[in-house]
Amino acid sequence: MQHLTIAIAGAGAISEFHLKGWEGQQDVTLAAICDPDRSRAQAQADRFGIPAVFTDMGEMLAAVRPDAVDIITPVGSHAPLVRQAADMCVHVMCQKPMTPTVAEAEALIAEVGERVRFMVHENYRFRPHYAELARRVAEGQLGRLRHARLTVRASSLLDYPGKVPFLLGRQPYLAEFPRLLVFEVLIHHLDALRAILGEMTVTQARLDRMNPELKGEDVALIQLESEGGVLVQIDANISAPGHPPLPTDRLELLGESDTLIYDRDRITLLSQPDAVSLHDLAANYQACFTDAVGDFVNGLRSGRPFRTDRLDNLRTLRLMEQVYRIAGVPV
């Protein structure tokens, strides 16, 4: 088994789940971590036993010469950091979204070319419940698929009196995003639906805002159609009163012979209502990070394509921009 030396760029809140994912890989060394806030990088280094700490990624890569770097930084920094890694012949896994726009992603992909391997850490399709849905559809349990409806609910951006909305407490910069729900949250679901249903086209989209303090949308109604003729509806609200702060999903997949429903923590085939597949959502949250990291590691070692390779992820970015374009939001 090829030993891999890995560097980490970014020590923010989400880095904990990446680092736990790296801990789950065999024959991998986490050699260094960097963050502009050195104390934040040091805290993660101490927690995960990482020997070297830097405040600049270029300095880190020059000193450590890793096989790959995991970029876990705000979206605006992704393109320059990916370019820097490619210039130093270091393979890249980069947090989603790859870039703020499709045009920037296309330019980045063209510039990096085939110099290094480049995967986007888009992990919803790796969540065990979404992976199970994809498998069961592919096995033909529903017959020909005709219709899919996804509902997403959360109070993560709800403006409770006297309280900071959950998501803004964790990521306060999101309040200034002119494109919010689709860009930051539903991009995950679009990718998961692609993994289950295949390629899709947006046919209608309406966006709205319940929290007036936001610049971007927190409500979306989207219609799509897959290349196989599946009609798809997405109904999402993340400022929904009474709902938990973390998003909960319900996906109904209707085929010509059966219906499969995923609802929060369970999957049910309606022809077999007692055969319920239960999921631990907290465990699944970490599992999707671990499995995405594992796909990157296995791809580096085997040479096979990453499941969320930059070219595959570009299709998800294009879907996201289609939503905004059809809804009349500048991209």
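Q: A charge sits over a ring if NZ of Lys or CZ of Arg is within 6 Å of the ring centre and within 35 degrees of the ring normal. How do you know that the charged end of Arg179 sits over the ring of Tyr324?

A: This is a predicted model. In it, the charged end of Arg179 is 5.4 Å from the centre of the Tyr324 ring. The distance limit is 6 Å. The charged end of Arg179 is placed over that ring.

Q: Where does Lys163 lie relative to Tyr160?

A: Lys163 lies over the face of Tyr160. Its distance from the ring centre is 5.9 Å, set against the limit of 6 Å.

Q: Why is the pair of Trp22 and Phe296 called edge-to-face?

A: The whole structure holds 9 aromatic pairs. In the pair of Trp22 and Phe296, the ring centres are 6.3 Å apart and the planes stand at 85°. Centres must lie within 6.5 Å, and planes over 60 degrees apart count as edge-to-face. Both values satisfy these limits, so the pair is edge-to-face.

Q: What makes this pair of Trp22 and Phe296 a tie between parts apart in sequence?

A: Trp22 belongs to helix α1 (residues 15-23), while Phe296 belongs to helix α9 (residues 281-302). The parts are 274 residues apart in sequence, so the pair ties them together.

Q: Is Trp22 buried or exposed?

A: Trp22 has a relative accessible area of 2%. Buried means under 20%. Trp22 is therefore buried.

Q: Does Phe296 count as buried or exposed, and how do you know?

A: Phe296 has 1% relative accessibility. The limit for buried is under 20%, so Phe296 counts as buried.

Q: Which core includes Trp22 and Phe296?

A: First, the largest nonpolar core: it has 81 residues. Met57, Met60, Val69, Leu197, Leu251 and Leu253 touch the most other members. Helix α8 (residues 181-197) gives the most to this core, with 11 residues. Trp22 and Phe296 are in a second, separate core of 27 residues, which also includes Ile8 and Val297. In soluble globular proteins, nonpolar side chains tend to be buried together.

Q: Which residues is Leu253 in contact with, leaving aside its neighbours within four places in sequence?

A: The contacts of Leu253 include Leu133, Val137, Leu142, Ile196 and Leu197. Also among them are His147, Asp258 and Thr259.

Q: Why is strand β5 described as largely enclosed?

A: Strand β5 covers residues 91-95, and 4 of the 5 are buried. It is therefore largely enclosed by the rest of the structure.

Q: Which strands pair with β5?

A: Strand β4 (residues 68-71) pairs with β5 in the parallel sense over 4 bridges. Here Asp70 stands opposite Met93. Strand β6 (residues 118-121) also runs parallel to β5, joined by 4 bridges. Gln95 has His121 in β6 as its bridge partner.

Q: What does the chain pass through from β5 to β6?

A: The chain passes through helix α5 (residues 102-112). This β-α-β crossover is right-handed.

Q: How do you know that Val102, in helix α5, counts as buried?

A: Val102 has 8% relative accessibility. That is under the 20% limit, so Val102 counts as buried. Leaving aside neighbours within four places in sequence, Val102 is in contact with Leu314, Leu317, Arg318 and Glu321.

Q: What makes β8 and β14 edge strands?

A: The open sheet has 8 strands in the order β8-β9-β10-β7-β11-β12-β13-β14, with mixed pairing. Strands β8 (200-208) and β14 (277-278) each pair on one side only.

Q: How do you know that β13 and β14 pair?

A: Strand β13 (residues 266-269) and β14 share 2 bridges, in the antiparallel sense. Pairing needs at least two bridges, so the two strands pair. Arg266 stands opposite Leu278 in β14, and Ile267 faces Ser277 as its opposite residue in β14.

Q: How do β12 and β13 pair, and which residue of their hairpin takes a positive phi?

A: Strand β12 (residues 259-263) and β13 pair in the antiparallel sense over 4 bridges. The bridge partner of Asp263 is Arg266 in β13. The hairpin has 2 residues between the strands, and Arg264 takes a positive phi near 60°.

Definitions and conventions: Residues are numbered from 1 along each chain as its sequence is written. This is a predicted model: local features need pLDDT of at least 70, side-chain atom pairs count only at pLDDT 80 or more; totals for chains, interfaces and linings use all residues. Side-chain values use heavy atoms; hydrogens and water are left out. Rings of Phe, Tyr and Trp (its six-membered ring) pair if their centres lie within 6.5 Å; planes under 30 degrees apart count as stacked, over 60 as edge-to-face and the rest as tilted. Buried means under 20% relative accessible area, exposed over 50%, partly exposed in between (1.4 Å probe, protein chains only). A nonpolar core is a set of buried Ala, Val, Leu, Ile, Met, Phe, Trp, Tyr and Cys residues joined through side-chain atoms within 4.5 Å. Contact means heavy atoms within 4.5 Å. A crossover is right-handed if, with the strands pointing away from the viewer, the path from the first strand over the helix to the second runs clockwise.
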